[in-house]
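I opened this notebook to keep track of what I looked up, one entry at a time. The sequence and the structure come before the entries.

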Amino acid sequence: MNTPNNKRRRESVEKIEKAFVQILQERELKEISVSDICKITNLNRSTFYANFLDIYDLADKLREKLERDFSANFENVSEREKNGALKMFKHIKENQLFYKTYFKLGYDEKHKIMIYDTARAEKDFGGRNIKYHIEFFRSGLNAIIKMWLDGGCTETPEEMSEIIKQEYKGR
């Protein structure tokens, strides 16, 4: 039975996702076919279509999964305040290929994958122009993450967390 929690189905989906991410490092999304993925995974097309509508559905589901995993790291607000940046950079380092894929697909422009403390921003900025502060922070953080990924994540997550703290020192 091909239920969502079936071990065999989960393994097939994982193979498909990994193959997709691998191919995406060399080609653009529009150049990838279901056949390409099936060749790498040794899975039938029917297995692919039992889990995804098409390549674009696969890309969207992979994005949703990454965003869920990312958000799960920050469910506890007090943890986010203490070491949110460190947790974020550790997660990115452990999942570099997926984050490279996320940025390559341009999802950072369409979706918000970061945590922003609006309550603190309200306090720091007197509740004024919060949407601009959020966008400034998000864009800057995304640029730093992309730069770190492009450089192979040579700095440690601790070093990257410290860079962010230094940038926002005094707030």
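**Entry 1: an aromatic pair across two helices**

I began with Trp148 and found that this residue is buried, since its relative accessible area is 2% and the cut-off for buried is under 20%. I keep in mind throughout that the model I am reading is a predicted one.

Next I searched the whole structure for aromatic pairs, and the search gave four. I noted for myself that a pair of aromatic rings is described by the distance of the centres and the angle of the planes. One of the pairs joins Phe89 and Trp148 edge-to-face, with 5.2 Å from centre to centre and 90° between the planes. Phe89 belongs to helix α5 (residues 77-94) and Trp148 to helix α9 (residues 130-150), so this pair ties together parts that lie 59 residues apart in sequence. I also looked up the partner of Trp148, and Phe89 counts as buried because its relative accessibility is 0%.

**Entry 2: a cluster of rings**

Which residues do ring pairs link into a cluster? I found Phe48, Tyr49 and Phe52 joined in this way. Within this cluster I looked at Phe48 and Tyr49, whose aromatic pair is edge-to-face, the centres being 5.3 Å apart and the planes at 85°. Are the two residues of this pair buried or exposed? Phe48 has 0% relative accessibility and therefore counts as buried, whereas Tyr49, at 40%, counts as partly exposed.

**Entry 3: two helices that cross**

I then turned to helix α4 (residues 55-72) and helix α6 (residues 96-104), whose axes come within 11 Å and cross at roughly 120°. The angle lies outside the 65 to 115 degrees that count as roughly perpendicular and is not over 145, so I wrote down α4 and α6 as oblique to each other. The crossing of these two helices is left-handed. For the contact I listed Leu62, Arg63, Leu66, Glu67 and Phe70 on the side of α4, and Phe98, Tyr99 and Tyr102 on the side of α6. When I sorted the residues of this contact by character, I had six nonpolar and two charged, with no polar residue.

**Entry 4: a serine in the first listed helix**

My last look was at Ser12, which is found in helix α1 (residues 7-24). Ser12 has a relative accessible area of 11% and is therefore buried. What is Ser12 in contact with, leaving aside its neighbours within four places in sequence? I found Leu43 and Thr47 as the contacts of Ser12.

Definitions and conventions:
Residues are numbered from 1 along each chain as its sequence is written. This is a predicted model: local features need pLDDT of at least 70, side-chain atom pairs count only at pLDDT 80 or more; totals for chains, interfaces and linings use all residues. Side-chain values use heavy atoms; hydrogens and water are left out. Helices (H or I, at least four residues) and strands (E, at least two) are DSSP runs, numbered from the N terminus. Buried means under 20% relative accessible area, exposed over 50%, partly exposed in between (1.4 Å probe, protein chains only). Contact means heavy atoms within 4.5 Å. Axes are lines fitted to C-alpha atoms, for helices over the stretch in contact, and angles run from 0 to 180 degrees between N-to-C directions. Angles under 35 degrees count as roughly parallel, over 145 as roughly antiparallel, 65 to 115 as roughly perpendicular and the rest as oblique. A crossing is left-handed if the near helix is turned anticlockwise from the far one by less than a right angle, and right-handed if clockwise. Ala, Val, Leu, Ile, Met, Phe, Trp, Tyr, Cys and Pro count as nonpolar, Asp, Glu, Lys and Arg as charged, and the others, Gly among them, as polar. Rings of Phe, Tyr and Trp (its six-membered ring) pair if their centres lie within 6.5 Å; planes under 30 degrees apart count as stacked, over 60 as edge-to-face and the rest as tilted.
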